[in-house]
Amino acid sequence: MACVYIPVQNSEEEVRVALDQLPRDATDILDILKAEQAPLHLWLIIAREYFKQGKIEQFRQILEEGSSPEIDEYYADVRYERIAILNALGAYYSYLGKIETKQREKEEHFILATQYYNKASRIDMHEPSTWVGKGQLLLAKGDVDQAFAAFKIVLDGDRDNIPALLGQACVEFNRAKYTSSLEMYKRVLQVYPRCPAAVRLGIGLCRYKLGQFERAKQAFERVLQLDPENVEALVALGIVDLQYNEASGIRGAMEKMQRAFDVYPYCATALNYLANHFFFTGQHFLVEQLTETALAATTHGSTRAHSFYNLARSYHSKGDYEKAGLYYMASVKEINKPQEFILPFYGLGQVQLKLGDFKSSLSNFEKVLEVYPENCETLKAVAHIYLQLNQTTKAHEALKKAVRIDPRDPEAFLDLGELLISTDSGAALDAFKTARNLLKKANEELSVELLNNIGVLHFERGEFELALETFKEALGDGIWDKLIDSEPQSDYDSIKKALYKPVDASLASRMYKDMQMFKNLEKDGIAVELPWDKVTTLSNLARLFEQLHKTETASILYRLILFKFPEYVDAYLRLAAIAKARNNVSLSIELIRDALEVDDKNPDALCMLGDLELKNDDWVKAKDTFRAAKDASNGKDSYATLCLGNWNYFAAVRSEKRAPKLEATHLEKAKELYTKVLVEHPANMYAANGAGVVLAEKGQFDIAKELFTQVQEAASGSVFVQMPDVWINLAHVHFAQGNFSLAIKMYQNCLRKFYYNTDNQILLYLARTHYEAEQWQDCKKTLLKAIHLAPSNYTLRFDTGVALQKFSASTLQKTKRTVDEVRATVAELKNAVRVFSQLSAASNLQFHGFDEKKIETHVGYCKHLLDAAKVHCDAAELEDQQNRHRLELARQAAIREEESRLAEEQKKVKLEKRKQEDELKKVMQQEQHLERIKEHWKSSGSKRKDRSQNEEEEGGGSEKRRRRSSGGKKRKRDKKSETQVDDDQYEYEEDNNNTSNNYYEPDNHQITGQVDDDDDPQDLLAAAGLEDSDADDAGGAPSSNTGRRIRGWSESEEEDDEPEKRQPSSSPVRDNNSMGDDDDDDMMQQQQQQLSDGE
């Protein structure tokens, strides 16, 4: 049992005080200490024991009494104990200021701590413990630099001062200089290896901050070896295990947190981590209990921020957004900088977004982006807020950034597509397709909404086949698959039997309200199911079938929707629109009234009803209905306002009650309503079209035309906007301005684009334009086509008769006209009389709109024109005969001229042909002559060979003579080859002197020189074997010499065959010189001998 002994003054006795049995009232022990004037170190021991026992008030009372002026005066010579007491009080108030949450009390505690430390410094300003205490105080106040300076003063005096080293390590840790802090903790271990385990805890924390998790784990485990119940080490080890994000690590971390909780149930960090764990397991009651305990156990701002965050997150997940917002806000207030803990800002932004506080939510999300600028979830949330604030440009930029950062995030592409769907359908479609591809790659299920959006965008772009495929993919399998098939495939298919069951003609007009088919299918045991999330897609599919003109299939799908969901108003309205398109106005009105029974204030239904009432000339009801539609939407429905504008316009132009003053009033009111719609919705094309119509009625055609043109361009970009009226109005303006050609083109384009050339009213407009343009035949053709479409329309027949009458009158008024034109005029007049006669027989003023007198006037005028046409016809026939006679004479003259020209051409052709035949014949003769020469050459060559062979067989001469003979003949080879030509060759040369001269030209030049110098012409002939026959008869010597020369020449030719092949370009002179120089004299003598023999 620990105890202290207080010496009794002026005695050797001592008062024994057991430290575990200290009195509850510190006054008793203070009285003993004062009475006996006990040493001050005993005061410190007793005060410290009170602090260990949690008796803080007694601890403070003893120390404050020990630092009183009386004690200071009495113990003036005791410096260290007085400083220790003052430093203890300074440390105590530093701790109070550190844990205090209220700023005012915190400052008061720090002021008291500063006073005690200053008082201690006045006793001894160099006392290290005082500077260490001041450093701790400054560190608690957050003045890290001043704390660093205080600890440095101590370390400059004693570099191994452990409290200063620990304080400096804490400063460096708070400065995020973890390496320097680690070195100081190591220094403490080196100086004092038996230091408390908490020092190694600091080493582990530094290792953890440096990312050295294994080394940090070793440090924490060493702490637990030294102190198995060290709560901070257990919590730190659990946090390290969580970093590996593995199941075993998470399990081990929670076990360590549980151990820490068992050791000390008020460890706020352990409580927060346990609460976080139970949040993910869904045990929200444990989350709330643990976080509330943590909040009560700590005053540390960051730890409390985590506790509030866990509590807010729990309420957020349960849907209690009000409480969640309050706790998120409390967590945010505990944080000095968003960088410290950003998650509460994100959660608060989510809750505020849910509650509709967009600006506050945007502010919090922007703080998140300041810390994490590339967080895709935050970017998507910011984009959504910008969209709600109508800042579409910023929303687009945020989503584009999110997509660029994470191109594999399908949700980002979905949000981007939804943002662009109203501004850029092409980009929206690409975004939705990308999202669909990403979801398919991830093997995730495609939502009906995504596929529905893709189908709608294909529909808007006019890609109906792709839209149909996408809608079917979105709907999947169901009863609708068989309902949309075009034809029944089996007689046993009850669905097809129900669909294609014959209907009574009297009930056919009521089929759009018939639900009996689906009831019969259910009676047959066929399930007629339609999931609620596929209703919109099925309605879009039916709308697509309407666009593809498959109205029967569309009506079946609409009825299926109404069978399962009778309150789906849009299906009633679409069926009413189909009935209206078929001119079944009564059924259309009945369907609209059914829709109004479901929703009596539906503006769309009221506007459609008013439009049909206006079509039935029920003006009063129509006006009341339009006003009811406007009131139902509190004046916010622009279509209701637009319908009232239309009513005023039609009231102004009513033909039966057209008064100038009333007309101007209604037109001005219509203009006012159209302008009001355009002010609220500048892109409303119907309002712009109505304003253009009013301007055109007032004669402002240029402005009206510009408006109509802009509306036409805007309407052409969407498949959902079908506005044939603007085309017709634009054509009317062109007609009013006299631009008939443009008006005709506009009417024709409108007919082809919107009505497939089957609208008789537009055909009547077109016929009127042809009539005003005096294009009578086109007018007649257009009216006949309109009559074919509407045979009961007698007005069209009357207009046809007028057009025929006008055509006939204009033709007869021509100064020059052909007999065919006059005959056609007579025929058209007869047709006009026939038409007017039929109308006269069936005339009815109230039904047809014209009277009998007017028809009789037209009949009389046509008959008058017929009588006048007879005279014109006779004159035209006479003129026609004269013209035909002149044409016949001209034709015959032309025929004669043509015949003479053909004869001249034939003559030229014959002459040319004859010339070609003569040239061909001459060429053939030359070819035959050439063939004869070739044959003669062959025969003469064979004769020379025979002579040479005979001469060789006879023998003769030595080798040297043969060599000389061959050498001499070799030099005259070219000369002899030329002389071999006979008389036929010379004849050929005369015919082809160019070819022959070119061929023999090289050799002739060389031989000519030899002949002129040495030989006689007769000798040359003899050498060539062509001597004169008279010379042969004169003697045999020349003949024998000639034979020898021929034989020698033949031998030289045989010897020179190979060199000639090797050197085809060398001349005879070079060949002769190549024989050698040793026998040149002998060869010259041999030559001379031969020449003399020849002589």
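Biologist: Which residues are linked with Glu377 in a network of salt bridges?

Modeller: Glu377, Lys380, Asp409 and Glu411 are joined in that network. Please keep in mind that this is a predicted model. A search of the whole structure finds 26 salt bridges.

Biologist: What makes the contact of Glu334 with Arg304 a salt bridge?

Modeller: The closest N and O atoms of Glu334 and Arg304 are 3.5 Å apart. The cut-off is 4 Å between a side-chain nitrogen of Lys or Arg and a carboxyl oxygen of Asp or Glu, so the pair qualifies. In general, side chains of opposite charge can pair when their charged atoms come close.

Biologist: Where do Glu334 and Arg304 sit in the chain?

Modeller: Glu334 is in the loop between α18 and α19, while Arg304 belongs to helix α17. They are 30 residues apart, and the pair links distant parts of the chain.

Biologist: Why is Arg304 called buried or exposed?

Modeller: Its relative accessibility is 15%. Buried means under 20%, so Arg304 counts as buried. Its partner Glu334 has 25%, which makes it partly exposed.

Biologist: How do you know that Arg891 forms a salt bridge with Glu888?

Modeller: Here the closest N and O atoms are 2.4 Å apart, and the limit is 4 Å, so this pair counts too. Arg891 and Glu888 both lie in helix α47, 3 residues apart, which is about one turn of the helix. Arg891 is partly exposed at 42%, and Glu888 is partly exposed at 30%.

Biologist: Why is His549 called buried or exposed?

Modeller: The relative accessible area of His549 is 54%. Exposed means over 50%, so His549 is exposed. His549 is found in the loop between α30 and α31. It also has a positive phi of about 65°, although it is not a glycine.

Biologist: And why is Ala176 called partly exposed?

Modeller: Ala176 has a relative accessibility of 44%. Partly exposed lies between 20% and 50%, so the label fits. Ala176 is in the loop between α9 and α10, and its phi is also positive, near 70°.

Biologist: What makes the side chains of His666 and Asn648 a polar contact?

Modeller: The distance given for these two side chains is 3.3 Å. A polar contact needs N or O atoms within 3.5 Å, so this pair passes. His666 is in helix α37. At 14% relative accessibility it is under the 20% limit, so His666 is buried. Leaving aside neighbours within four places in sequence, His666 also touches Trp647, Ala651 and Ala652, among others.

Biologist: Which residues have the most contacts inside the largest nonpolar core?

Modeller: They are Phe518, Leu538, Leu541 and Leu557, in a core of 61 residues. Leu557 touches Trp480, Leu483 and Phe545, among others. In soluble globular proteins, nonpolar side chains tend to be buried together.

Biologist: How many residues does helix α32 have, and what does it reach from its first C-alpha to its last?

Modeller: Helix α32 has 13 residues and reaches 19 Å, close to the 18 Å expected at 1.5 Å a residue. Its buried residues, including Tyr572 and Leu575, pack against α30, α31, α33 and α34.

Biologist: How do you know that strands β1 and β2 are joined?

Modeller: 5 bridges join them. Pairing takes at least two bridges, so these strands pair. β1 and β2 run antiparallel, and they form a hairpin with 6 residues between them.

Technical notes: Residues are numbered from 1 along each chain as its sequence is written. This is a predicted model: local features need pLDDT of at least 70, side-chain atom pairs count only at pLDDT 80 or more; totals for chains, interfaces and linings use all residues. Side-chain values use heavy atoms; hydrogens and water are left out. Helices (H or I, at least four residues) and strands (E, at least two) are DSSP runs, numbered from the N terminus. A nonpolar core is a set of buried Ala, Val, Leu, Ile, Met, Phe, Trp, Tyr and Cys residues joined through side-chain atoms within 4.5 Å. Buried means under 20% relative accessible area, exposed over 50%, partly exposed in between (1.4 Å probe, protein chains only). Contact means heavy atoms within 4.5 Å. A polar contact is a pair of N or O atoms within 3.5 Å; within protein, one must be able to donate a hydrogen and the other to accept it, and residues adjacent in sequence count only if both atoms are side-chain atoms. The expected span of a helix is 1.5 Å times one less than its number of residues.
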